[in-house]
Amino acid sequence: MALGTFAVGTDAFEVAGFLPEMAGELGVTEATAGYSVTVFAICYAVFSPLLATITATVPRRRLLVAALVVLGLANLGTAFAPNFALLMASRVLAALGAAAYTPNAGAVASSLVSAERRGRALALVVSGLTVATAIGVPLGNLASRFLGWRSALGLVAMLCLLIGAGLAILLPKLAGGNRVPLTERLAVLRNSGVRMILPVTVLGMAAAYTAYAYAIPAFDAAGISPDAAQWMLFLYGAGAVAGAQSSGRLTDKFGGTKVLIVGYAVMTCTLVAFGSLTLAHVTLPILVGVLAFTWGASSWCQTPPQQHRLIAAAPDEAPLVIALNSSGIYIGIGVGTFVGGLAGAGNATWMFFSGAVIAVIAGVFLTVTGRVAHRGQRQSTC
């Protein structure tokens, strides 16, 4: 199941590794091609709660295998798409498969182990997304350079279908759950704490992704050739793993709000530095490598503290608020990719500085809402 989430993450993010080639062959601008990431992310966020409701009673093995088959076929559709319109349609189908797979994989993993091992099982399944961020995109870039971007997508399709076959053989039969109306699932949004926390996820991920979908032209504007960009993507991925792993421990020690404020400060400085390099037309590969690492770390340090804050705000609805946070992540990715492409993928300065502005807004919103929540807690205590 962790391999399945790796396939989902690679599918979601690998476009960044071959965006210029894909855009050129389909006859669209790089900014327009980047909107395929926007469509995938927004559709994932919208479909996730809907599919959770519709498929609630479907046996879990059947659901997970079907989701991977849909994702695999969608990738084949993207790989063979003769034009951009059909490619976009295939990305919507891919979002359906991903939205059906990822939340249910975590739920199934937790049901297969004893209570004291559930946290580790969930972490293992979720780690597939983090590893995909670390190596999926650069591997996609490498595969596209030697085989072409269509073949790179074909490899992801094969991976999805192979993992689906493996789950069909190895996963025991598990019954579906009870059908819970969508209105009941979303009732947790009446909680004011949850309403104040979720926008931070959207803003933070939007800031992180204004330039990431356009990473190849963005690094090119910072003086890194497309051939060398894969190493920068690896450094970004290494930072993502380091940020995700360390932020959990730091959250336990210092609290989620402090970790997030530091993360947004680092993200702001990183994106401003990137933007300044593109303005000055200075080539400093070592500095770009360091910035790629801090970019990844500050982008992916957000999830553990945000989950911690949401669970603290609604402890009885932990699975639901984590699922909503996942939707918030993909909404943020979609919004960030859209904002980044507004001025065209060739305008890296716009992408980096607009991301920095959104990171500042996220930090300010977090600080203000954190104080409001703290005052509310004090008043309720009195």
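**Close-up views of cavities and nonpolar cores**

**View 1. The largest cavity of the predicted model has a volume of about 40 Å³.** The lining is formed by Thr201, Met205, Gln302, Thr303, Gln306, Asn325 and Ile329. At least two of these lining residues come from each of helix 9 (192–209), helix 14 (303–313) and helix 15 (318–341). By class, the lining comprises two nonpolar, five polar and no charged residues. In total, two cavities of 30 Å³ or more are present in the structure.

**View 2. The second largest cavity encloses about 30 Å³ of space.** Its walls are provided by Ala12, Phe13, Ala16, Val37, Tyr209, Tyr212 and Ala213. This lining consists of seven nonpolar residues, with no polar and no charged ones.

**View 3. Tyr209, one of the residues lining the second largest cavity, is shown with its contacts.** When neighbours within four places in sequence are left aside, Tyr209 is in contact with Phe13, Tyr236, Trp300, Ile333, Gly336 and Thr337. Among these partners, Phe13 also lines the second largest cavity.

**View 4. The largest nonpolar core contains 95 residues.** The residues with the most contacts inside this core are Met22, Tyr209, Tyr212, Phe219, Trp295, Tyr330 and Ile333. Helix 5 (residues 84–111) contributes the largest share of the core, namely twelve residues. Apart from this core lies another, of nine residues, including Val188, Val194, Leu310 and Leu320. In soluble globular proteins, nonpolar side chains tend to be buried together.

Technical notes: Residues are numbered from 1 along each chain as its sequence is written. This is a predicted model: local features need pLDDT of at least 70, side-chain atom pairs count only at pLDDT 80 or more; totals for chains, interfaces and linings use all residues. Side-chain values use heavy atoms; hydrogens and water are left out. A nonpolar core is a set of buried Ala, Val, Leu, Ile, Met, Phe, Trp, Tyr and Cys residues joined through side-chain atoms within 4.5 Å. Buried means under 20% relative accessible area, exposed over 50%, partly exposed in between (1.4 Å probe, protein chains only). Helices (H or I, at least four residues) and strands (E, at least two) are DSSP runs, numbered from the N terminus. Contact means heavy atoms within 4.5 Å. On a 1 Å grid over the protein atoms alone, a cavity is a set of points where a 1.4 Å probe fits but cannot get out, and a pocket is an open set with protein on both sides within 12 Å along at least five of seven lines; lining residues have an atom within 4 Å of a point. Grid points are joined across faces, edges and corners, and a volume is the space filled by probe spheres set on the points. Ala, Val, Leu, Ile, Met, Phe, Trp, Tyr, Cys and Pro count as nonpolar, Asp, Glu, Lys and Arg as charged, and the others, Gly among them, as polar.
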